[in-house]
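Work through these exercises with the sequence and the model open side by side. Try each task before reading its solution.

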Amino acid sequence: MPTFVAVESMTATHVAFVVLLVGSALLSGGLGTYALFVAREQPGNRRLLSLFSLLMFGAAIWSLGDGVQLLLVDEQRKVALEAALNIVTIVPPLAWLLFALSYAGRDRWLNRRTYAVLAVEPIVLTLVALTTGGHELLWSGSDLTTTLGSIPVLERELGPMYVFHALYSYVIVLVGAYVLLFRSRTQDTTFRGQAALLTVGALVPLVTNVAHLSGVGPDLNLTGSAFTVSGVAFWLAITRYRLLDVVPVARESVIEEMRDGYVVLDDVNRVVDANPAAEALLSTSLSVGTPVADVLPADADVLAEDGTGDELAEFVVGEGTDRRFVTATVSSVGRDDASRLLVLRDVTDTREAEQRFQTLIENASDIVAVLDVDGTVRYQSPSTKQVLGYEPEEMVGGNAFDYIHPEDQAELATEFAKGVAEDRTIDRVEYRVQHADGSWRVHESVARNLLDDPTVEGIVINTRDVTERIERERELAATNERLDRFASVVSHDLRNPLNVAEGYVELLEDRVGDETDREYLAEVSASHDRMTRIVDDVLALAREGGEIGETMPVELESIARAAWAGVDTDGATLVVVDSTTVEAGRDQLARLLENLFRNSVEHATGAQSEEEADDAGTTDSGADDASVTVTVGLLQDEEGFYVADDGPGLPAEIGARAFEPGVTSQGDGTGLGLAIVADIAAAHGWSVEFADTDGGGARVEFVTKN
């Protein structure tokens, strides 16, 4: 017995139906393939396009299966294929529903729970279809008959599961159509056209299937071929209305996810719809039909007595840490003003920032003022009372220059006018301003031109009272001047008697013949030399500190050799390892190096003399020369230089105190040399410290840029 209908026995009607079903399958499959191709280029629409493809592929398999069934003449194979097609028939309705939900913006419904519920019926249907031989849930009494001229079809009595599956599919298709049509009411013409075509395409197979099962249509099931109409409708949606390019913005993606709250009200101010943000801002649920007055705070003056809204209202929700500042606006959105839209916005961060800055301004010791271009005071901060003794309101409306000292008005007005004309920041200026008690205070101000800023529209002045600072600077300058005069006087008054005393010592040396007396005179001469060094160091210590005047690029090697030439270094050696240019005061840097060189030579000489004296068993060896080597070089890890020697180094008990005035390891030292070095370095802004050395000796490092 042949399996398929012989070609020579097929009538024109038979061929036409087969071609119709197969053509529908090819068209649906082509659309599904096209959608998958577009999905690769549009990742944002991938889920929507994938559901569309599933819908088309399900329809293609269904239609192709019906076409193949028409070619079968074996009843057993027809029954097996019919059972398999019943499983396939659930795919297009489910894919249509999921596609409609995604396209209409109901993405939040596309979750695991929804998928699980929708999967129950297909699973049950599959189990029933696979076991059709053992029950009559799908159908019973199937017989092979012919209809519409020689087309072999199955004639059977439908079972309860078949009827339930058909009704279930109808409901799913209708739900999808309702979702699209309901959504299209609030969308533009483009989406309405899309929704209409998609709905027609989905309903045509449904109507065809209903007609077949109810006996109104032909005995042949043409549901598969009806998807040809669906394919045409979807094709028009794709080409004419750009279905795959223009997808309506989902409400859940915009309104539901927006930070602003939206509440739709009817003509009697009852809640019609609300998004989650509105419920969060009002800290309550907004059920449909609830009067909006019941959910708003009592002092929220949002709606007037006639139901219209204010331009902008603000109210507070909650207390303590849960307090929120909310602004509200109301606008008409329905026909004949039948409904209104209440928009709520959380402005808590803005209000708290405003309050915080207001508190800072009110409690600041500096004055903040806003002036017009002519100097008229538009705003004066509360600190005005504390700083100048005036009430802020007393100065507002007056001219700020009326409070300035007459001798400072012209210069300050000129600087102010330049800042306004050139639209620039006015640098720090000092001037005298009159206090409420009549005294004159020195103020320092900076200004910024914010005339073009719509939130300010003025010149912002920040002012600080620097009277005490100016007085301290003047007192310090006077003190330094007195100190310099004192040091000069002391130096001059001490040098004269020292010079006289040294002259008498020289006369006595020529007349005294006794060796013991000559030793006494040598001690007196050494004391004179030490007093001379003390005078020089005290004068240097008084004058070298403070600020360095003019600086210039100084070659380290040249200044080091010049300083070396100015020191008594008989027997010592200077080595300059490497050199660079240092930004410094030339005279001050030379004195710094001279003190370091002298310190290295004197310490080495003292140590050598003590060692030789110990070897000879006397207190005087007669040694005058030092064999120390002094090295000048650059730091490796930081920008700066160092001065090192291979002498005895610093005693451990001195350590970090070496730079303090009066600290010395030599009995005849002044203890001021390293203090002068530290002062000169500090005046240049350099850091200075002793560093460890591997082979003994002392090493002083200067970091010129911190």
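**Exercise 1. In what order do the strands of the open, antiparallel five-stranded sheet run, and which strands are its edges?**

Solution. The model is a predicted one.
Step 1: Read the order, which is E4-E3-E7-E6-E5. The pairing is antiparallel.
Step 2: Find the strands that pair on one side only. These are strand E4 (271-274) and strand E5 (313-317), the edge strands.
Step 3: Check the twist. Neighbouring strands of this sheet are turned by 25° against each other on average, with direction ignored.
Step 4: Look inside the sheet. Strand E3 (residues 261-265) pairs with strand E7 (residues 340-346) in the antiparallel sense, over five bridges. Val263 faces Leu342 in E7 across this pairing.

**Exercise 2. Locate Asn269 and Glu457, and state whether each is buried, exposed or partly exposed.**

Solution.
Step 1: Take Asn269. This residue sits in the loop between E3 and E4. Its phi is positive, about 60°, although Asn269 is not a glycine.
Step 2: Apply the burial cut-off of under 20% relative accessible area. Asn269 has 17%, so it is buried.
Step 3: Take Glu457. The loop between E11 and E12 holds this residue. Here too phi is positive, about 55°, and Glu457 is not a glycine.
Step 4: Compare with the cut-offs again. Glu457 has a relative accessible area of 44%, so it is partly exposed.

**Exercise 3. Describe the surroundings of strand E16 (residues 629-634).**

Solution.
Step 1: Count the buried residues. Five of the six residues of E16 are buried, and the strand is mostly covered.
Step 2: Take the parallel partner. Strand E14 (residues 573-576) pairs with E16 over four bridges, in the parallel sense. Val575 has Thr631 in E16 as its bridge partner.
Step 3: Take the antiparallel partner. E16 pairs with strand E17 (residues 640-645) over five bridges. Gly633 is bridged to Tyr642 in E17. Val630 is bridged to Asp645 in E17.
Step 4: Trace the connection. A hairpin of five residues leads from E16 to E17.
Step 5: Place E16 in its sheet. The open sheet has five strands in the order E14-E16-E17-E19-E18, with mixed pairing. Its edge strands are E14 and strand E18 (687-690), each of which pairs on one side only. The twist averages 15° from one strand to the next.
Step 6: Add a contact at E17. Arg699 lies over the face of Tyr642, 3.8 Å from the ring centre.

**Exercise 4. How many aromatic pairs does the structure hold, and what is the geometry of the pair Phe401 and Phe416?**

Solution.
Step 1: Choose the descriptors. A pair of aromatic rings is described by the distance of the centres and the angle of the planes.
Step 2: Take the total, seven aromatic pairs.
Step 3: Classify Phe401 and Phe416. Their centres are 5.6 Å apart and their planes stand at 80°. Planes over 60 degrees apart count as edge-to-face, and this pair is edge-to-face.
Step 4: Place the two rings. Phe401 lies in the loop between helix H13 (392-395) and helix H14 (406-421), and Phe416 lies in H14, so the pair ties together parts 15 residues apart in sequence.
Step 5: Check burial. Phe401 is buried at 16% relative accessible area. Phe416 is buried at 7%.
Step 6: Repeat for Trp564 and Phe597. The centres are 5.2 Å apart and the planes at 70°, so this pair is edge-to-face. Trp564 is in helix H17 (residues 556-565) and Phe597 in helix H18 (residues 586-616), so the pair ties together parts 33 residues apart in sequence. Trp564 is buried at 13%. Phe597 is buried at 0%.
Step 7: Note the cluster. Phe641, Trp686 and Phe702 make up one aromatic cluster.

**Exercise 5. What is the volume of the largest cavity, and which residues lie nearest its centre?**

Solution.
Step 1: Count. There are two cavities of 30 Å³ or more.
Step 2: Size the largest cavity. Its volume is about 360 Å³.
Step 3: List the lining. The largest cavity is lined by 24 residues, and Leu371, Ala400, Tyr431, Ile461 and Thr463 lie nearest its centre.
Step 4: Assign elements. Those that give two or more residues to this lining include strand E8 (367-371), H14 and strand E12 (458-465).

Key
Residues numbered from 1 in each chain as written. Predicted model: local features only at pLDDT ≥ 70, side-chain atom pairs only at ≥ 80, totals over all residues. Heavy atoms only, no water. Phe/Tyr/Trp six-rings, centres within 6.5 Å; stacked < 30°, edge-to-face > 60°. Buried < 20%, exposed > 50% of the residue type's maximum accessible area, 1.4 Å probe, protein only. Lys NZ or Arg CZ within 6 Å of the ring centre and 35° of its normal. Pairing = 2+ DSSP bridges. Axes fitted to C-alpha atoms, helices over the stretch in contact; angles between N-to-C directions. 1 Å grid on protein atoms, 1.4 Å probe; cavity = no way out; pocket = protein on both sides within 12 Å on 5 of 7 lines; lining within 4 Å. Points joined across faces, edges and corners; volume = space filled by probe spheres on them.
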